[in-house]
Amino acid sequence: MTIRILEPGAVVGVLGGGQLGAMFASAARRMGYHVAVWDPDIDAPAHQIATHSFSTAFSDLSSREQFANIVQATTVEWENVPAELCRWLEERCPMRPSSKVLSTLQDRIAQKQFLSSRQLPVAPFAMVESGDQLAEAIARLGCPVVCKTATSGYDGRGQWILRTPADAKQLETIMKQPGSSQRWIVERFIVFARELSVLVVRNEGGEFRLYPVVENWHEQGILRATCVPASIDSGIAERAKEVSLQAVAALQGVGVFCVELFHTTDGDLLINEIAPRPHNSGHYTLDVCSVSQFEQQVRVTCDLPLGETRLLGPAVMVNLIGEEVRSVMSAEGCSNLHSTPGAVLHLYGKQMIRPGRKMGHVTFTGPQEELVAAAAQKFMVNLGTSA
Ligand code: ATP
Ligand code: MG
């Protein structure tokens, strides 16, 4: 029997070169692969780790040829890479995830329509392309609602909460602005007890691995912290894993996927969204799992056997957002952090600090959940004052 794997020494391509691409590239390099990174931003962190760097626009046809000639398989670190480029690449080399999966997931309307067509639970939603449709959607769903641009949003950008029908006026004005999105999804605002997420790894043959359910806290739409394991009963954890796997299997997804869920105050689980790539809420896997989400991405892209997803101990991951990163850059701040047992610092090497930009993260680890949570809590309180 021939084993169809991409052997170490091969070149693996990654579209997008942010911190997720950099962490993927580090894992790939460690495992003996070369990495071709394509990101139009020359300062994107993954370029520093690449064997081959492409910093042209994704529409550049000669780069596309060169990239395809170098790589033996390709993955993405960002779902918004042009699906057309992925379609073209996948005629030349394996593309994980496929362009079909990317085009379904990179459009919030297509994604929600797909999930509901498969009877997977999502918040009630409506597609909106005009002010009139917005009024109808609000009347049908009832306020409050969340309006999101159909494409390109991340970290809560391109989202508005409308608390009363009168708030729609403001959004209608935004919709009329030149260059504004023409397609929106309006969702019922979900009152949730907690937000959860599940990483699902699935290969060509339909084999899969599930990571433990984690709990996420957001601040102004941006992930603030992730705690693993989530403090939920085992019945909810099983249901969360089951629905996440069902969603990825329905997509016939091949790659690493993160399924974000709302656990409502009524006890229901609703899928918020699915990312077809490693996820910020899975960064803890680097420090407290036998195989990280990035190594799994290498494995699934190269057709290697999938890795185990064993949790070695509890963890809390705290993001360093914008100016907060300065708190660990000073002599005092970084010395304090490195004196904290079990604290692991990851800095992404981004040149520019901008409000809301993810600059790094810290994973607090240790043998006892309470101690890990207390260390993370203390760190977060000081972040607010020292940033
Ligand atoms: P990210 O890039 O961080 O995953 P995003 O910009 O793609 O985020 P969402 O995940 O849809 O956008 O929303 C960000 C956050 O806003 C959610 O994690 C949740 O806290 C809140 N949110 C989104 N949709 C709803 C909803 N229908 N009801 C209540 N809260 C919501
Ligand atoms: Mg999200």
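**Chat: a helix, a sheet and a metal site**

Trainee: Which strands does helix H1 lie across?

Mentor: In this predicted model, helix H1 (residues 19–30) lies across strand S1 (11–15), S2 and strand S4 (73–76). Against S2, the helix runs at about 165°.

Trainee: OK, and in what order do the five strands of that open sheet come?

Mentor: The order is S3-S2-S1-S4-S5, with parallel pairing. Strand S3 (52–54) and strand S5 (95–96) are at the edges with a single partner strand each, so one side of each has no neighbour in the sheet.

Trainee: How many bridges join S2 to S3?

Mentor: Three, with S2 covering residues 34–38. Trp38 has Phe54 in S3 as its bridge partner.

Trainee: Switching to Gly16, where is that?

Mentor: Gly16 sits in the loop between S1 and H1.

Trainee: Buried or exposed?

Mentor: Gly16 is buried, because its relative accessibility is 2% and the cut-off for buried is under 20%. Leaving out residues up to four places away in sequence, Gly16 touches Gly21, Val37, Trp38, Asp39, Phe58 and Glu77.

Trainee: New topic: what are the protein donors of the magnesium ion (ligand 2)?

Mentor: Glu260 (OE), Glu260 (OE) and Glu273 (OE), at 2.0 to 2.7 Å from the ion. Glu260 is in strand S14 (residues 255–264) and Glu273 in strand S15 (residues 269–275), so the pair ties together parts 13 residues apart in sequence.

Trainee: And how accessible are Glu260 and Glu273?

Mentor: Glu260 is buried at 10% relative accessible area, while Glu273 is partly exposed at 23%.

Terms used:
Residues are numbered from 1 along each chain as its sequence is written. Chains are lettered from A and ligands numbered from 1 in the order in which they are written. This is a predicted model: local features need pLDDT of at least 70, side-chain atom pairs count only at pLDDT 80 or more; totals for chains, interfaces and linings use all residues. Side-chain values use heavy atoms; hydrogens and water are left out. Two strands pair if DSSP finds at least two bridges between them. Helices (H or I, at least four residues) and strands (E, at least two) are DSSP runs, numbered from the N terminus. Contact means heavy atoms within 4.5 Å. Axes are lines fitted to C-alpha atoms, for helices over the stretch in contact, and angles run from 0 to 180 degrees between N-to-C directions. Buried means under 20% relative accessible area, exposed over 50%, partly exposed in between (1.4 Å probe, protein chains only). Donors are N, O and S atoms within 2.8 Å of the metal (3.2 Å for Na, K and Ca); water is not among the atoms, so sites may look incomplete.
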